[in-house]
Amino acid sequence: MIVQRMLEILHDVQGVLGSFVVAREGELLVRSMPEQFERAELELTASRVARVLQCSSANGVAPQDGVFDFGEGKLWVREFVRGYLCVLCSAGVDMKSLRLTARLVARGLPAQL
Amino acid sequence: MSQHNNLTQQKREPQQQQGRAQSTGAPEGKEPRSGRAWPPLFRATGPARGPRAPEPRGPAALDDEETRLMERPSELLRASRAWRVSEPWRARPSRPPLLPPEPGRVARPVPRAPASEPPTAVMSRPSEALDSVAPSRPSEEPRTGVVRKVTARGAVKRGALATGGPVKAPRDSGLPEHERSQRPSGVRRVSREWRCLELGQPESTRPARRDYSRVSIAQLSIKGELLRHSGPAEWLPDTAEFVHRAALLVAQGLGFQRCRSVCLQGERSVLAVSDAGPSTVTGVTGPVEQLSGVLRQRGLK
């Protein structure tokens, strides 16, 4: 429950649509997404995100921050101890506010989820 | 002071009166008001300005002075010498005839007087001047307009060449000191680099260029074919292709049509994969310091 409350903090940033937490192996741990995103579909997307990040780590670029730009929206990725915090937001989000808030939330996530 | 002015005014007065007489059309030879006779120098002999009419030749046209000179040959000779001195261009010796060169013979240049020699007004014996001309040296060739290339070895000291020792290169040759003094070949290498020729001006220190050799760029087609690749990261084309395809699936899983770009920032390096057009994908990787612009553009910095 603490994790859910921390993910809801991200919604204070204007433009944030939802967030979820992915383990390093690609497992979907926690999600705070709108209801239109089904869990099965989101698990598959989480595994793909983790695979992209693992590919980068395997080539020497261990990502701490990452951005997927979809044009109309963005997916912000922040590394933490347990895995990756993913934040889905619109294109016009304030990246500076999102970056600071996401780092605070990722730092506050407990190691045991 | 006032006495000097009076004398000057007395000297100027005849000239002014003469000018007035000419301008007013006074008869020639009219004496001034003071009753003093005009010296020969100030005697009016014709109009002061305008084209001079040709003087008539013959005994009838001789004036009194010429008649007097004709009667006394000694004075005529003295006046002739004085006249030749006053007109030095008449006294120059005539140049030897410049004949066209014959086949097999090089045309001799016209000798020139050295600049340090003062010009002589009267050349008493022109043959002496011709004898004093130095004979033509082989280096003196007629000017044909051909420009000769001057070699840089001419500036090397003769002593160093004679002894056969190593020749020191100039300080501005861009070589270190030990290499300049100990050159095994003994031939000075001329620096081909641009440098400032003004003495005392230190060489401009250009800022060191950034080392972009660690940045790798791979350009792929939309089908995954490698178009261009540069840099040390050989894994970049395959990784860029994989990231591009996986990002497209992530975008579609989240309800979007496509993924424009993916930028992943590590602790020291960056990986960025983005669309560079409708059918081209570009992957870039390199140090964070050199790709800070990419990070700033993606909102990661």
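The expected span of a helix is 1.5 Å times one less than its number of residues. Helices (H or I, at least four residues) and strands (E, at least two) are DSSP runs, numbered from the N terminus. The model here is predicted, so local features need pLDDT of at least 70 and side-chain atom pairs count only at pLDDT 80 or more, while totals for chains, interfaces and linings use all residues. Residues are numbered from 1 along each chain as its sequence is written, and chains are lettered from A in the order in which they are written.

Let us start with helix α3 (residues 95-108) of chain A. Its 14 residues should span 20 Å at 1.5 Å a residue, and the end C-alpha atoms are indeed 20 Å apart. L98(A), T101(A), A102(A), V105(A) and A106(A) are buried in α3(A) (20 or more other C-beta atoms within 10 Å of the residue's own, placed from the backbone; exposed means 12 or fewer, partly exposed in between). Seen down the axis, these buried residues fall within an arc of 135 degrees, judged by directions from the axis to the C-beta atoms, so they line one face of α3(A). On the face turned away sit the exposed K96(A), L100(A) and R107(A).

Now for chain B, where strand β4 (residues 269-275) has six of its seven residues buried. Its pairings (at least two DSSP bridges between the strands) are these:

| Partner of β4(B) | Sense | Bridges | Opposite residues |
|---|---|---|---|
| β3(B), residues 261-265 | antiparallel | five bridges | C263(B) and A272(B) |
| β5(B), residues 280-287 | antiparallel | seven bridges | S269(B) and P287(B) |

Three residues form the hairpin connection from β3(B) to β4(B). The hairpin of β4(B) and β5(B) has four residues between the strands, with G277(B) at a positive phi near 145 degrees.
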